[in-house]
Amino acid sequence: MTNIRAYETSPWLFVGSSKINGQGLYSRKPISSGAIVGELGGVVLERANKRTIQIGRDEHLCSDYIDFLNHSCRPSAYVRVASQTIVLQAIKEIASESDEITIDYNCSEYSLAEKFMCRCCQKSNWVAGYGYLVQTNQNDYLRRIEGVVLAHLVRMAAASRVARSKPKR
């Protein structure tokens with residue numbers, strides 16, 4: 001296990017009641033599109049669990065924020081990995097106190113430790129990770145998340161496709 005520098009708790013972020021699931025993360029001040037919402041820090045594990053974000057092939061960050069980042073297929077933020085800094089970055093403007101800060105879990109792990117049914121869509125969709133989207137040819141979804149999915153998940157999917165296409169001897 002490795003530790004990533006713990007984040008300084010942002011005084012404007014708080015946990016409140018969520019319409020999506022239990023409790024969620026909110027901001028006391030407006031956050032503009034493209035702005036950093038906050039840094040994630042914590043312990044890096046070798047395996048995914050229900051409360052991790054995959055920051056490398058065999059590196060899964062377990063952080064306090066993750067417990068309160070609910071899934072949305074149309075999220076307000078995404079996770080960005082830059083060297084040893086992992087940040088939440090706003091995709092769109094987030095209004096203070098009323099807009100829940102959400103991420104798309106399909107963009108945060110190649111394969112979720114526990115898949116679940118999406119609660120934000122009208123039709124039932126499995127949320128199972130980026131690899132599941134690729135394997136089930138959900139091309140419209142993949143195009144929509146193209147700019148916010150973690151780059152190493154895309155590389156893992158490409159490597160998996162190449163491995164599957166090689167003839168067996």
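These are my notebook entries from a first look through this structure, which is a predicted model.

**Entry 1: the whole chain**

I started with the overall make-up. I found 3 helices and 13 strands in the protein chain. The chain has 169 residues, and 45% of them are buried. Next I looked at contacts between residues at least 6 apart in sequence, and 62% of those join residues at least 24 apart.

**Entry 2: strand S7 and its partners**

I picked strand S7, residues 59-62, to see what sits beside it. Which way do S5 and S7 run? They run antiparallel, with 3 bridges joining S7 to strand S5, residues 42-45. In that pairing I noted Leu 45 opposite His 60 of S7.

Strand S6, residues 52-56, is also joined to S7, through 4 bridges, and this pair is antiparallel too. Gly 56 has Glu 59 in S7 as its bridge partner. I then checked the link between S6 and S7, and it is a hairpin through 2 residues.

**Entry 3: Ser 63**

I moved on to Ser 63, which I found in the loop between strand S7 and strand S8, residues 70-71. Is Ser 63 buried or exposed? I have it down as buried, because its relative accessible area is 5% and the cut-off for buried is under 20%. Its side chain has a polar atom 3.1 Å from the backbone oxygen of Gly 41.

**Entry 4: Gln 89**

I jumped to strand S10, residues 85-90, where Gln 89 lies. Gln 89 counts as buried because its relative accessibility is 14%. What does the side chain of Gln 89 reach at 2.8 Å? I traced it to the backbone oxygen of Gly 34. The Gln 89 side chain also makes a polar contact with the side chain of Arg 80, at 2.5 Å.

I set aside the neighbours of Gln 89 within four places in sequence and listed the rest of its contacts. These are Gly 34, Ala 35, Ile 36, Val 37, Ser 76, Ala 77, Tyr 78 and Arg 80.

**Entry 5: Arg 80, the other end of that contact**

I followed the contact across to Arg 80, which lies in strand S9. Arg 80 counts as partly exposed, because its relative accessibility is 30%. Leaving out neighbours within four places in sequence, I found Arg 80 in contact with Ile 36, Thr 85, Ile 86, Val 87, Gln 89 and Leu 150.

I also checked Arg 80 against Ala 151. How far apart are Arg 80 and Ala 151 in sequence and in space? They are 71 residues apart in sequence, and their C-alpha atoms are 9.0 Å apart in space.

**Entry 6: the cavity**

Last, I looked for enclosed space. A search of the whole structure turned up 1 cavity of 30 Å³ or more. The largest cavity holds about 60 Å³ of space.

Which residues line it? I wrote down Pro 75, Ala 77, Tyr 78, Val 79, Ile 91, Ile 103, Asp 104, Cys 107, Ser 108, Val 148 and Leu 150. Strand S9, residues 77-82, gives the largest share of this lining, with 3 residues. Sorting the lining by class, I got 9 nonpolar, 1 polar and 1 charged residues.

Two of these names took me back to earlier entries. Ala 77 and Tyr 78 are on the lining list, and both are among the contacts of Gln 89. Leu 150 is on the lining list as well, and Arg 80 is in contact with Leu 150.

Conventions. Residues are numbered from 1 along each chain as its sequence is written. This is a predicted model: local features need pLDDT of at least 70, side-chain atom pairs count only at pLDDT 80 or more; totals for chains, interfaces and linings use all residues. Side-chain values use heavy atoms; hydrogens and water are left out. Buried means under 20% relative accessible area, exposed over 50%, partly exposed in between (1.4 Å probe, protein chains only). A polar contact is a pair of N or O atoms within 3.5 Å; within protein, one must be able to donate a hydrogen and the other to accept it, and residues adjacent in sequence count only if both atoms are side-chain atoms. Two strands pair if DSSP finds at least two bridges between them. On a 1 Å grid over the protein atoms alone, a cavity is a set of points where a 1.4 Å probe fits but cannot get out, and a pocket is an open set with protein on both sides within 12 Å along at least five of seven lines; lining residues have an atom within 4 Å of a point. Grid points are joined across faces, edges and corners, and a volume is the space filled by probe spheres set on the points. Ala, Val, Leu, Ile, Met, Phe, Trp, Tyr, Cys and Pro count as nonpolar, Asp, Glu, Lys and Arg as charged, and the others, Gly among them, as polar. Contact means heavy atoms within 4.5 Å.
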